Amino acid sequence: MGFFDALTGTRRPEDGVAPRPADDVRTALLALNGTEVPYVVRDGASHEADLVAEWRTAEPAWQNFFLSSQLTHAIRIRMRLAGSEHEVRAVEEQWEVTRVGNPPRFQTSAAYARGAGRTVSRRYTLQRGESGRLEATEAFSFDSAQLTEPLRNATLESGWTWRGVIFGKL
């Protein structure tokens, strides 16, 4: 892996993994959907992409999760399946979000970033352990890799390259 690949988050499949057809890759990415995951993968035509993956921040079942995570950035990954190169070209977009209103909801700001990034949020509670000493216990954890890693892994397992795009068109 070169420097630019590390910068963009590009990963290549292991040697010997035969690339599957584009329809199989699309099916594998869409199969990541489920009620138990905090993201949705869907058709991306409205975002000038083949597929889009984003957090379920607007869905009532997931709002408490994202509000308690103290999430500061909303993330969307737009993907284009480039069949001739056997690669999924991915643009990660981030917006700064704030909580407004009562009950609280997310509102996006004008702050926008494009490119690979990672948002991690952890909350700890302090309490006395059995020994009587203060102990920090992780009460909550949130990592944006929960969105990126399944997409990238499904792509690599299909024998395709996951290519992060920072500049230019998808």
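Me: A salt bridge is counted where a side-chain nitrogen of Lys or Arg lies within 4 Å of a carboxyl oxygen of Asp or Glu. How many salt bridges does this rule give?

Reply: The count comes to eight. Do keep in mind that this is a predicted model.

Me: What makes arginine 42 and glutamate 54 a salt bridge?

Reply: Their closest N and O atoms are 2.5 Å apart, and the cut-off is 4 Å, so the pair qualifies. Arginine 42 sits in strand β1 and glutamate 54 in strand β2, so the bridge ties together parts 12 residues apart in sequence.

Me: How do you know whether arginine 42 is buried or exposed?

Reply: The relative accessible area of arginine 42 is 27%. Buried means under 20% and exposed means over 50%, so arginine 42 falls in between and is called partly exposed.

Me: And why does its partner, glutamate 54, count as buried?

Reply: Glutamate 54 has 17% relative accessibility. That is under the 20% limit, so glutamate 54 is called buried.

Me: Which residues are joined with this pair into one network?

Reply: Salt bridges with shared partners join Arg42, Glu54, Arg76, Arg78 and Glu93.

Me: Let us look at arginine 76, then. Why is arginine 76 called buried?

Reply: Its relative accessible area is 18%, and buried means under 20%, so the label applies to arginine 76. Arginine 76 belongs to strand β3. Beyond its neighbours within four places in sequence, arginine 76 is in contact with His47, Val52, Ala53, Glu54, Val91, Glu92, Glu93 and Trp95.

Me: What makes the approach of arginine 76 to glutamate 54 a polar contact?

Reply: The two side chains come to 3.2 Å. The limit for such a pair of N or O atoms is 3.5 Å, so the distance fits.

Me: How do you know that glutamate 87 and arginine 89 form a salt bridge?

Reply: Here the N to O distance is 3.7 Å, which is within 4 Å, so the pair is counted. Glutamate 87 is buried at 8%, while arginine 89 is partly exposed at 21%.

Me: What about arginine 80 and aspartate 50: what makes them a salt bridge?

Reply: Their closest N and O atoms are 3.2 Å apart, and the rule asks for 4 Å or under, so they are a salt bridge. Arginine 80 is in strand β3 and aspartate 50 in the loop between β1 and β2, so this pair links distant parts of the chain, 30 residues apart. Arginine 80 itself is partly exposed, at 28%.

Me: Now for the nonpolar side. Which members of the largest nonpolar core touch the most other members?

Reply: Of its 19 residues, these are Leu29, Ile77, Met79, Val88, Leu147, Leu151 and Trp162. At least two core residues come from each of α2, β1, β2, β3, β4 and α4, and β3 gives the most, with four.

Me: Which residues does tryptophan 162 touch?

Reply: Apart from residues up to four places away in sequence, its contacts include Ile77, Met79, Val88, Leu151 and Leu156.

Me: How do you know that the span of helix α4 is close to the expected one?

Reply: α4 covers residues 145–157, 13 in number, and reaches 17 Å from first C-alpha to last. At 1.5 Å a residue, 18 Å is expected. Its buried residues include Leu147, Leu151 and Leu156. Just after α4, glycine 159 takes a positive phi of about 80°.

Technical notes. Residues are numbered from 1 along each chain as its sequence is written. This is a predicted model: local features need pLDDT of at least 70, side-chain atom pairs count only at pLDDT 80 or more; totals for chains, interfaces and linings use all residues. Side-chain values use heavy atoms; hydrogens and water are left out. The expected span of a helix is 1.5 Å times one less than its number of residues. Buried means under 20% relative accessible area, exposed over 50%, partly exposed in between (1.4 Å probe, protein chains only). A nonpolar core is a set of buried Ala, Val, Leu, Ile, Met, Phe, Trp, Tyr and Cys residues joined through side-chain atoms within 4.5 Å. Contact means heavy atoms within 4.5 Å. A polar contact is a pair of N or O atoms within 3.5 Å; within protein, one must be able to donate a hydrogen and the other to accept it, and residues adjacent in sequence count only if both atoms are side-chain atoms.
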